[in-house]
Amino acid sequence: MSKALEALLDLLDLEQIEQDIFRGQSRFAVVPRVFGGQVAAQALVAAGRTVPDDRFAHALHAYFLRAGDPGAPIVYTVDRIRDGRSFTTRRVVAVQHGQPIFHLSASFQTYEEGMEHQADMPAAPDPETLPTAAELLPRYADLYREQGVVDRLLEAREAVDLRYVDAPPFASVGEAREPRSQVWFRANGKLADDPLLHVCLATYVSDMTLLDSVLLAHGRGGWVTGDVVGASLDHAMWFHRPFRADEWLLYDQESPSASGGRGLGQARIYTQDGRLAVTVIQEGVVRIPR
């Protein structure tokens with residue numbers, strides 16, 4: 001297991017400071033605020049710590065309310081909304097400096113048999129044939145808005161092996177493309193057999209690239225080139241089938257709409273053998289700097 005993954009797992013291992021109240025720290029991010037995927041993953045950890053072991057996360061809905069301060073701890077307060085025979089619902093509010101910065105509702109369910117069907121997995125190359133971040137990102141160093149961006153990107157993504165199927169948006173500045181993006185990802189090391197941990201790792205990664213497809217439609221390089229400013233607004237995920245975040249997962253993303261300074265991304269996450277594991281939808285602020 002890489003040291004970066006160990007550090008990320010430590011980040012997700014929240015400190016319990018009172019019943020249903022947890023405290024988490026932050027890690028380095030490319031932008032000067034707390035990474036949204038980190039807050040979402042920590043909030044889901046907090047919710048999961050209050051749920052019986054035989055209930056598994058099947059959905060979350062979240063709103064990013066304020067930019068988080070990476071230099072201060074985040075306090076997560078869990079409300080036990082409902083404990084039913086099959087479903088458990090939790091609400092989590094993340095607070096920093098006395099103000100809520102994030103709100104999450106999560107639902108958990110006991111396992112049961114039911115009807116089965118799924119959308120087919122799209123075509124994608126073998127992830128082992130694609131360049132790693134360390135091989136890919138330095139190729140475009142002259143496009144980044146400032147020196148040191150490559151190192152910050154690599155450090156931020158060191159815990160996860162994330163590989164683009166096609167050129168990322170910052171490699172296509174000025175060239176509008178189909179609003180669709182694919183990446184393969186997996187944790188950079190073996191994880192414990194804890195279903196909540198794998199779901200939380202996928203939640204963490206899901207905020208990294210989902211709005212890339214919005215940028216591709218307009219030939220914008222994005223946050224690292226400085227031709228767009230933005231932030232996540234809300235985030236929803238549905239966990240359909242069990243999966244491991246330390247095995248290759250295909251993140252197939254597209255953008256059906258952008259308007260009013262906002263862009264919408266929707267995606268499906270598939271296991272390498274073709275099972276639909278997760279559906280993701282996110283809207284974010286996507287503005288062209290004045």
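## A walk through the fold

The side chains of R180 and D252 meet in a salt bridge, with 2.9 Å from N to O. This pair links distant parts of the chain. R180 sits in strand β8 (residues 180-187), D252 in strand β10 (residues 249-259), and their positions lie 72 residues apart in sequence. R180 counts as partly exposed, at 33% relative accessibility. D252 is buried, with a relative accessible area of 12%. The model is a predicted one.

Step back to the whole chain. The protein has six helices and twelve strands. Its C-alpha atoms fill a box of roughly 55 × 45 × 40 Å along the principal axes. The radius of gyration is 18 Å. A compact globule with 290 residues would have a value near 19 Å, so the two agree. Buried residues make up 50% of the 290 residues. Many contacts reach far along the chain: of those between residues at least 6 apart in sequence, 72% join residues at least 24 apart.

Now go inside. In soluble globular proteins, nonpolar side chains tend to be buried together. Here the largest nonpolar core has 69 residues. Y76, F102 and F239 have the most contacts inside it. Helix α2 (residues 36-48) gives the most to this core, with eight residues. Apart from it lies another core, of seven residues. Among its members are L130, V165, L250 and L276.

What does F239 touch, leaving aside its neighbours within four places in sequence? F239 is in contact with L44, A57, H58, A59 and L60. Its partners also include V199, T203, A277 and V278.

Helix α1 (3-12) shows two sides. Its buried residues are A4, L5, L8, L9, L11 and L12. They cover an arc of only 155 degrees around the axis, which puts them on the same side of α1. On the other side, K3 and D10 are exposed. The buried residues of α1 pack against α2, β8 and α5 (195-206).

Back to charged pairs. The structure holds 13 salt bridges. One of them joins the side chains of R49 and D13, at 2.9 Å from N to O. R49 lies in the loop between α2 and β3 (55-64), and D13 in the loop between α1 and β1 (15-18), so the pair ties together parts that are 36 residues apart in sequence. Is each partner buried or exposed? R49 is partly exposed, with a relative accessible area of 40%. D13 counts as exposed, because its relative accessibility is 51% and the exposed class starts over 50%.

Another salt bridge joins D20 and R80, at 2.8 Å from N to O. It too links distant parts of the chain. D20 is in the loop between β1 and β2 (21-24), R80 is in strand β4 (residues 74-83), and the two are 60 residues apart. D20 is buried, with a relative accessible area of 11%. R80 is partly exposed, at 42%. Elsewhere, D193, R244 and D246 are linked in a network of salt bridges.

R157 is a charged residue of another kind. Where is R157 found? It is in the loop between α4 (149-156) and β7 (160-164). R157 is buried yet has no salt bridge. Its nearest side chain of opposite charge, D212, is 5.7 Å away. A salt bridge needs a nitrogen and a carboxyl oxygen within 4 Å, so R157 and D212 do not form one. R157 does have other company: it touches L162, Y164, M208 and T209, not counting residues up to four places away in sequence.

The last stop is a glycine at the surface. G98 has its place in the loop between β5 (87-96) and β6 (99-110). At 69% relative accessibility, G98 counts as exposed. G98 and T77 are 21 residues apart in sequence. In space, their C-alpha atoms are 12 Å apart.

Notes:
Residues numbered from 1 in each chain as written. Predicted model: local features only at pLDDT ≥ 70, side-chain atom pairs only at ≥ 80, totals over all residues. Heavy atoms only, no water. Helix = DSSP H or I, 4+ residues; strand = E, 2+ residues; numbered from the N terminus. Buried < 20%, exposed > 50% of the residue type's maximum accessible area, 1.4 Å probe, protein only. Lys, Arg positive; Asp, Glu negative; His and termini not counted. Contact = heavy atoms within 4.5 Å. Core = buried A, V, L, I, M, F, W, Y, C linked by side-chain atoms within 4.5 Å. Arc of directions from axis to C-beta. Rg over C-alpha atoms; globule rule 2.2 N^0.38 Å.
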